[in-house]
Amino acid sequence: MKFLCDLMIQKLGKILILCGFDSKIITTHTSLKELIEISLNEKRILLTRNTKIRNYKFNNYFLLIEQKPYNQFKTIIEKLNLKLDENKFFTRCSKCNKELKEIDKNLILDKIPLFTLQHTKEFYICPSCNKIYWKQSHFDLFKEKIKNYL
Ligand SMILES: [Zn+2]
């Protein structure tokens, strides 16, 4: 299941990406007509808070009423019956939604703080923006937060 998140629910999009769901986030003002086109072309479920979506001949959307991102997330998980898999957490770039690739730390020595290099074994890179990721303590905090919400 792939998602398309409009401008108003960017934070929900980030949470979905962190949990490993393929989610495209729209960061500029985009009309519903354009959003529907992207949804159809890329077979993504449109997630939106815009009630005008009901006026279109289109039904591959989920209308959110909740305002808070984590409440929206809970609703999506429950109503769309999504399975959370911790092994999928942090496998995508939170900026580009691309799947991360593992990278040999010897190739990125100049890009990582020394302390991190000494204490971390696995590093990942986004093939699109080249951002480098590694498992930090805030990853565990995020996992805890997700568990508490569900
Ligand atoms: Zn990226």
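The buried residues of helix α1 are covered by several elements, among them the strands β1 (3–5), β2 (23–25) and β3 (45–48) and the helix α3. In this predicted model, the buried positions of α1 are Leu12, Gly13, Ile15, Leu16 and Ile17. Helix α1 itself spans residues 10–18. Just after α1, glycine 20 adopts a positive phi of about 95°.

The packing of α1 against α3 can be described in more detail. Two packed helices are described by the angle between their axes and by the distance between the axes. The axis of α1 and that of α3 (residues 69–79) come within 9 Å and cross at roughly 55°. On account of this angle, α1 is oblique to α3. The crossing in which α1 passes α3 is right-handed. On the side of α1, the residues that take part are Lys11, Leu12 and Ile15, and they meet Pro69, Gln72 and Phe73 in α3. By class, this contact of α1 with α3 comprises four nonpolar residues, one polar residue and one charged residue. Leu12 and Ile15 thus appear in the contact with α3, and both are also listed among the buried residues of α1.

The segment that precedes α1 was also examined. Methionine 8 is located in the loop between β1 and α1. Methionine 8 has 14 other C-beta atoms within 10 Å, and it is therefore partly exposed. The C-alpha atoms of methionine 8 and glutamine 67 are separated by 9.5 Å, although the two residues are 59 residues apart along the chain.

Three of the strands that cover α1, namely β1, β2 and β3, belong to an open sheet of four strands in the order β2-β1-β3-β4, with parallel pairing. The edges of this sheet are formed by β2 and β4; each has a single partner strand, so one side of each is left without a neighbour in the sheet. From one strand to the next, the twist averages 20°. Within the sheet, β1 and β3 run parallel and are joined by three bridges. Leucine 4 has leucine 46 in β3 as its bridge partner. Strand β3 is in turn joined by three bridges to β4 (residues 61–63), and these two strands also run parallel. Here the bridge partner of threonine 48 is leucine 63 in β4. In a regular strand the side chains alternate between the two faces of the sheet.

A further open sheet contains three strands in the order β5-β6-β7, and its pairing is antiparallel. Strands β5 (101–103) and β7 (132–133) are the edge strands, each of which pairs on one side only. Three bridges connect β5 with β6 (residues 123–125), and the two strands run antiparallel. Isoleucine 103 stands opposite phenylalanine 123 in β6.

Two residues of the loop between α3 and β5 deserve separate description. Most residues other than glycine have a negative phi. Asparagine 81, which is not a glycine, nevertheless has a positive phi of about 55°. This asparagine 81 lies in the loop between α3 and β5. Asparagine 81 is exposed, because 8 other C-beta atoms lie within 10 Å, and a residue with 12 or fewer such neighbours counts as exposed. Phenylalanine 90 likewise shows a positive phi, near 60°, in a residue other than glycine. The loop between α3 and β5 also holds phenylalanine 90. Phenylalanine 90, however, is buried, because 21 other C-beta atoms lie within 10 Å, and the threshold for a buried residue is 20 or more.

The overall architecture places these elements in context. The secondary structure of the protein amounts to five helices and seven strands. Along the sequence, these follow the pattern β-α-β-α-β-β-α-β-α-β-β-α. Taken along the principal axes, the box filled by the C-alpha atoms is roughly 55 × 30 × 20 Å. Of the 150 residues in the protein, 21% are buried. Among the contacts with a separation of 6 or more, 51% are accounted for by residues 24 or more positions apart.

Technical notes. Residues are numbered from 1 along each chain as its sequence is written. This is a predicted model: local features need pLDDT of at least 70, side-chain atom pairs count only at pLDDT 80 or more; totals for chains, interfaces and linings use all residues. Axes are lines fitted to C-alpha atoms, for helices over the stretch in contact, and angles run from 0 to 180 degrees between N-to-C directions. Angles under 35 degrees count as roughly parallel, over 145 as roughly antiparallel, 65 to 115 as roughly perpendicular and the rest as oblique. A crossing is left-handed if the near helix is turned anticlockwise from the far one by less than a right angle, and right-handed if clockwise. Two residues are in contact if their C-beta atoms, placed from the backbone, lie within 7 Å. Ala, Val, Leu, Ile, Met, Phe, Trp, Tyr, Cys and Pro count as nonpolar, Asp, Glu, Lys and Arg as charged, and the others, Gly among them, as polar. Two strands pair if DSSP finds at least two bridges between them.
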